[in-house]
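Trainee: Could you take me through one part of this model slowly? I would like a close look at the place around the ligand.

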Amino acid sequence: MSMRIILLVLVFSLSLATMILAGPLSNIEQLGKIMYQDLDFSFNRTQSGEALFTTHCSKCHAVSAYPDGGPPLFTSYAYENIGLPANPLLSGNPVDYGLGGFLEADFNSDLPLIGDAMYAAHYGKFKIPTLRNIALTPPYGHNGYFPELREMIRFLNSRDVSPEWPAPEVWTNLNTIDVGDMGLTDAQIDDIVQFLHTLSDRRLNRP
Ligand code: HEC
């Protein structure tokens with residue numbers, strides 16, 4: 001190996017080591033703080049909201065600790081169709097078939113032998129999203145149908161029993177067991193919304 005190559009390798013390794021030790025590490029520390037430790041849990045936390053959330057939401061938005069022991073991310077990582085209406089404000093008003101539509105578009109050309117039934121079993125399903133910082137990230141739902149957090153919760157509560165909601169964007173695989181008729185009062189909805197506000201990372205939520 002020539003001297004020049006040895007020097008180059010040396011300089012490269014040194015800068016890589018500096019990068020790993022200084023820059024990225026501190027970023028990771030910062031990310032860890034934001035993602036796992038810096039919740040506003042103490043701020044305005046209502047026991048009622050937390051209890052209602054655990055009863056009505058945690059089957060999908062899991063409250064158990066993250067596998068590394070950190071605070072929860074409020075998702076079970078599963079896919080569900082909660083029947084969000086199509087958003088008429090999106091140009092062309094496209095129907096989004098969610099996971100089923102994605103699998104179909106992605107694999108159809110490669111695997112023509114797999115029948116449509118396989119995709120249909122996943123039509124309308126979307127990944128259960130995290131609720132970390134949810135109060136800070138409107139609009140809500142995969143197509144942004146709900147500009148307000150409280151409206152989204154009112155919808156989950158009464159989708160199947162109030163005439164005020166438009167039809168689901170996709171009817172297939174609609175979950176009618178866990179969402180749609182929760183029987184929550186207005187005051188209970190307020191408590192849940194207040195609980196959701198406590199899931200904001202403190203440093204992002206400062207006035
Ligand atoms: C059956 C599983 C399930 C249950 C129960 C459930 N959710 Fe969800 N939630 C989802 C799925 C799936 C989505 C994404 C749906 C979509 O975009 O089409 C979602 C979306 C949301 C969103 C919008 C997230 C965003 O980033 O836009 C909020 C807020 C939310 N849920 C809060 C709640 C609350 C509060 C409860 C309890 C009152 C609850 N959910 C109960 C599955 C569930």
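Mentor: Happily; we will start with the whole chain and then move in to the ligand and the helix beside it in our story.

Keep in mind that this is a predicted model. The protein has 8 helices and 2 strands, and from the N terminus on they follow the order α-α-α-β-α-α-β-α-α-α. Of its 207 residues, 22% are buried. If you take the contacts between residues at least 6 apart in sequence, 72% of them link residues at least 24 apart.

Now to the ligand. There are 24 residues around the ligand, and those that come nearest are Cys57, Cys60, Tyr140, His142 and Asp178. Sorted by class, this shell holds 16 nonpolar, 5 polar and 3 charged residues. Helix H6 gives the largest share of the shell, with 4 residues.

That makes H6 worth a look of its own. Helix H6 covers residues 149-158, and its buried residues are Leu149, Met152, Ile153, Phe155, Leu156 and Asn157. What do the buried residues of H6 pack against? Their partner is helix H7, residues 186-197.

Finally, a word on confidence. The mean pLDDT of the protein is 80, with 69% of residues at 70 or more. Over residues 18-36, however, pLDDT stays under 50, and the model has 9 contacts beyond four places in sequence for them. Where pLDDT is low, predicted coordinates should not be read in detail.

How values were computed: Residues are numbered from 1 along each chain as its sequence is written. This is a predicted model: local features need pLDDT of at least 70, side-chain atom pairs count only at pLDDT 80 or more; totals for chains, interfaces and linings use all residues. A residue is buried if 20 or more other C-beta atoms lie within 10 Å of its own, exposed if 12 or fewer, and partly exposed in between; C-beta atoms are placed from the backbone. Two residues are in contact if their C-beta atoms, placed from the backbone, lie within 7 Å. A residue is near a molecule or strand if its C-beta atom, placed from the backbone, lies within 6 Å of it. Ala, Val, Leu, Ile, Met, Phe, Trp, Tyr, Cys and Pro count as nonpolar, Asp, Glu, Lys and Arg as charged, and the others, Gly among them, as polar. pLDDT is the predictor's confidence in each residue, from 0 to 100.
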